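Hi,

Here is the structure I promised to pass on. Have a look at it first, and then read my notes below.

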Amino acid sequence: MDASGEEITPGFGMTTESNSFVDQVTLELLVNKSQYHKLVSKNNPEEGNKIQSHYNEIAEYKDIILELTEELLTNRYKNVSTEVNDMFDGYIKAVINHYKMKEIESNNDYNKYDEVDTMFDKMHEEPEHVNVDKSVWGKSIVKRKKY
């Protein structure tokens, strides 16, 4: 008990409800979609059914979505609804940024080499001879004479 007479529980005041929220967010962010869907379906069938019905709706409206997307790409001034047009503009900006980043990654010299190959390529080569007579601080080593 603390000074006010309330029971002190371990966990610095965190309840199981807040812990479950942290667990949920961790699962959503760290697990890939298919594994997350399987886990949710197993542990919470109601939520799993919602996810599955969403995927079913996507499959049902796929052709219409693709037609509308193509039409919005070819006719910039087509007005479907404010919400759809705003969301589509955001989607297009995100896709363009994604591919710009992919271009930057592919043009970056660091990403052109496979890290594993370069790590083990030099494994069988003779090590370079290190000249011990050179100083890090200058061209030659200055040795102190003992008096």
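Lys78 is partly exposed, with a relative accessible area of 27%. Its side chain meets that of Glu71 in a salt bridge, with 3.3 Å from N to O. How exposed is Glu71? Glu71 is partly exposed as well, at a relative accessible area of 35%, because anything between the 20% limit for buried and the 50% limit for exposed gets that label. The count of salt bridges comes to 1, so if you look for the pair on screen, go to Glu71 and Lys78.

Before you read on, please keep in mind that this is a predicted model.

Now the overall picture. The chain has 5 helices and 0 strands, and from the N terminus on its elements run α-α-α-α-α. Of its 147 residues, 5% count as buried. The accessible surface comes to about 14700 Å², and carbon and sulfur atoms hold 55% of that. What about contacts between residues far apart in sequence? Among contacts with a separation of 6 or more, residues 24 or more positions apart account for 0%.

Helix H3 is a good place to spend some time. It covers residues 45-74, which makes 30 residues. From its first C-alpha to its last it reaches 42 Å, close to the 44 Å expected at 1.5 Å a residue. Where does H3 bend? The bend is at Tyr61, and it comes to about 60°.

Which residues of H3 are buried? Gly48, Ile51 and Leu72 are. The cover over the buried residues of H3 includes helix H2 (33-43) and helix H4 (82-107).

That brings me to His37, which sits in helix H2. Is His37 buried or exposed? It is buried, with a relative accessible area of 15%, which falls under the 20% limit. If you set aside its neighbours within four places in sequence, His37 is in contact with Gly48, Ile51, Gln52 and Tyr55. Two of those names, Gly48 and Ile51, have come up already as buried residues of H3.

Gln52, another of the contacts of His37, also lies in helix H3. Gln52 is partly exposed, at 34% relative accessible area, whereas His37 is buried. Along the chain Gln52 and His37 are 15 residues apart, and their C-alpha atoms are separated by 8.4 Å.

Last stop: the aromatic rings. How many aromatic pairs does a search of the whole structure find? The search finds 1. The pair is Phe88 with Tyr91: the ring centres are 6.4 Å apart and the planes are at 40°, so the pair is tilted. Both residues belong to helix H4, and being 3 residues apart there, they are separated by about one helical turn. Their exposure is worth a look too. Phe88 counts as buried, at 13% relative accessibility, while Tyr91 is partly exposed, with a relative accessible area of 48%.

If you want a route through the model, I would begin with His37 and its contacts, including Gln52, then follow H3 to the bend at Tyr61, and go on to the salt bridge of Glu71 and Lys78. You can finish at the rings of Phe88 and Tyr91.

Cheers

Terms used
Residues numbered from 1 in each chain as written. Predicted model: local features only at pLDDT ≥ 70, side-chain atom pairs only at ≥ 80, totals over all residues. Heavy atoms only, no water. Helix = DSSP H or I, 4+ residues; strand = E, 2+ residues; numbered from the N terminus. Expected span 1.5 Å × (residues − 1). Bend = angle between axes of the 7 residues up to and from the residue. Buried < 20%, exposed > 50% of the residue type's maximum accessible area, 1.4 Å probe, protein only. Contact = heavy atoms within 4.5 Å. Areas by Shrake-Rupley, 256 points an atom, 1.4 Å probe, with all protein chains shown as cover. Salt bridge = Lys/Arg side-chain N within 4 Å of Asp/Glu carboxyl O. Phe/Tyr/Trp six-rings, centres within 6.5 Å; stacked < 30°, edge-to-face > 60°.
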